[in-house]
Amino acid sequence: MIGSIEVRGLSRTFHTTVRRPGFAGALRSLVNPERSVKHAVSDISFDVASGELLALLGPNGAGKSTTIKMLTGILTPTSGEARVAGVVPYQDRERNARNIGAVFGQRTQLWWDLPVRESFAILRDIYEVPKAEHAARLREFDEILELSAFWDTRVRHLSLGQRVRCDLAAALLHDPPVVFLDEPTIGMDVVVKEQVREFLRHQVEQRGRTVLLTTHDMTEVERLAERVVLINHGRLVLDGTLDEIRRKYGSTWQVRATLADAHTAVVPPPPGIALLRQDGPQVVFGPDGSGAPTVHQALKAVIERYEVTGVAIDEADLEDVMRAAYVHAGPAAEGV
Ligand SMILES: Nc1ncnc2c1ncn2[C@@H]1O[C@H](COP(=O)(O)OP(=O)(O)OP(=O)(O)O)[C@@H](O)[C@H]1O
């Protein structure tokens, strides 16, 4: 309960004025403004348990950042409700700020012209963190994020990877139970990405923090998240564990086997599996579209049923699985 997130029927609509092109258009817009309505987030509900890491996924413009902005108290929803660690974020921004840390990969919350360490000291004073606690936490963060090499540098002179590592530390210095990360590793090299992921794993597993993360990086999702929530056109289209999602949408596997005896007729495969191709001893099996088994079940079935000298699997990667989920959810989501 301490760090849980509850989202119930959350919606956010934006009203904007459409700008007509040219000088005459600008004048017309002034006299007779044309309004447009954008349903950025529509009636979404989900929960994140205390100590859980959830990835909020969706294509560009799906409504991820808008959702995070409502949960961090930056935006007020048009309707619905959210609670973060028991607090309604947009009603009690100050209490919410003490319970959460937030990192927006594209922006920094550090002071541009100050050395990083001075930003950390200012945050210590704002959040009234005792000095010894602050120092101990910084040492802990430094062990994985290796900040001390550059924490005397002005923020404006840091590389992107260095800056985001400092932002992560800054967001967690006051020991918040809940952390929001909006594309934290965008633009980083693989080494730094891995460092940040290790840090996040440590914060979830060892410190019990609740993390809500948005990313377009499926490797990140596989490495970090057990559960994902997928939104598209502002609507929630899927909420489940990676295993569940793979079972539901990830049936685009193929099992390729080499038969020991190419001349024996191939007996029909078990239910759920189809023989897709045969070229001499080379046979390829795939799902038959009737609620196919997982690739591991299929592999077991093939090995048990046929005498094979070699076997290989081509499994759909998570990117394919998510694409299948979007396609499946598409028509329902379009009506926004
Ligand atoms: N302040 C705003 N005024 C008007 N429209 C907005 C505003 N903020 C967001 N939108 C619109 O709401 C929709 C959702 O935007 P949002 O930034 O939440 O998407 P996202 O899923 O975070 O996308 P990305 O992956 O590209 O960051 C988009 O169509 C966007 O143009």
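A residue counts as buried if 20 or more other C-beta atoms lie within 10 Å of its own. Thr67 has 30 other C-beta atoms within 10 Å, and Thr67 is therefore buried. The model examined here is predicted.

Thr67 sits in helix α2. Contacts beyond four places in sequence were considered for this residue, and Leu10, Val41, Ile44 and Leu56 are the partners found. One of these partners, Ile44, is 23 residues from Thr67 in sequence. In space, the C-alpha atoms of Thr67 and Ile44 lie 9.1 Å apart.

Helix α2 also takes part in the ligand site. The helix spans residues 64-71. It makes the largest contribution to the shell around the ligand, 3 residues. Strands β1 (5-18) and β2 (34-48) each supply at least two residues of that shell, as does α2.

The residues around the ligand include Phe14 and Thr16, as well as Lys38 and Ala40. Gly58 belongs to the shell too, and so does the run Asn60, Gly61, Ala62 and Gly63. Lys64, Ser65 and Thr66 complete the list. By class, 7 residues of the shell are polar, 3 are nonpolar and 2 are charged. Lys38 and Lys64 are among the residues around the ligand, and Lys counts as charged.

At the level of the whole chain, the domain assignment gives two parts. Domain 1 covers residues 5-246. Domain 2 covers residues 251-315. The centres of domain 1 and domain 2, taken over C-alpha atoms, are separated by 44 Å.

Key:
Residues are numbered from 1 along each chain as its sequence is written. This is a predicted model: local features need pLDDT of at least 70, side-chain atom pairs count only at pLDDT 80 or more; totals for chains, interfaces and linings use all residues. Domain bounds come from an automatic or database domain assignment. A residue is near a molecule or strand if its C-beta atom, placed from the backbone, lies within 6 Å of it. Helices (H or I, at least four residues) and strands (E, at least two) are DSSP runs, numbered from the N terminus. A residue is buried if 20 or more other C-beta atoms lie within 10 Å of its own, exposed if 12 or fewer, and partly exposed in between; C-beta atoms are placed from the backbone. Two residues are in contact if their C-beta atoms, placed from the backbone, lie within 7 Å.
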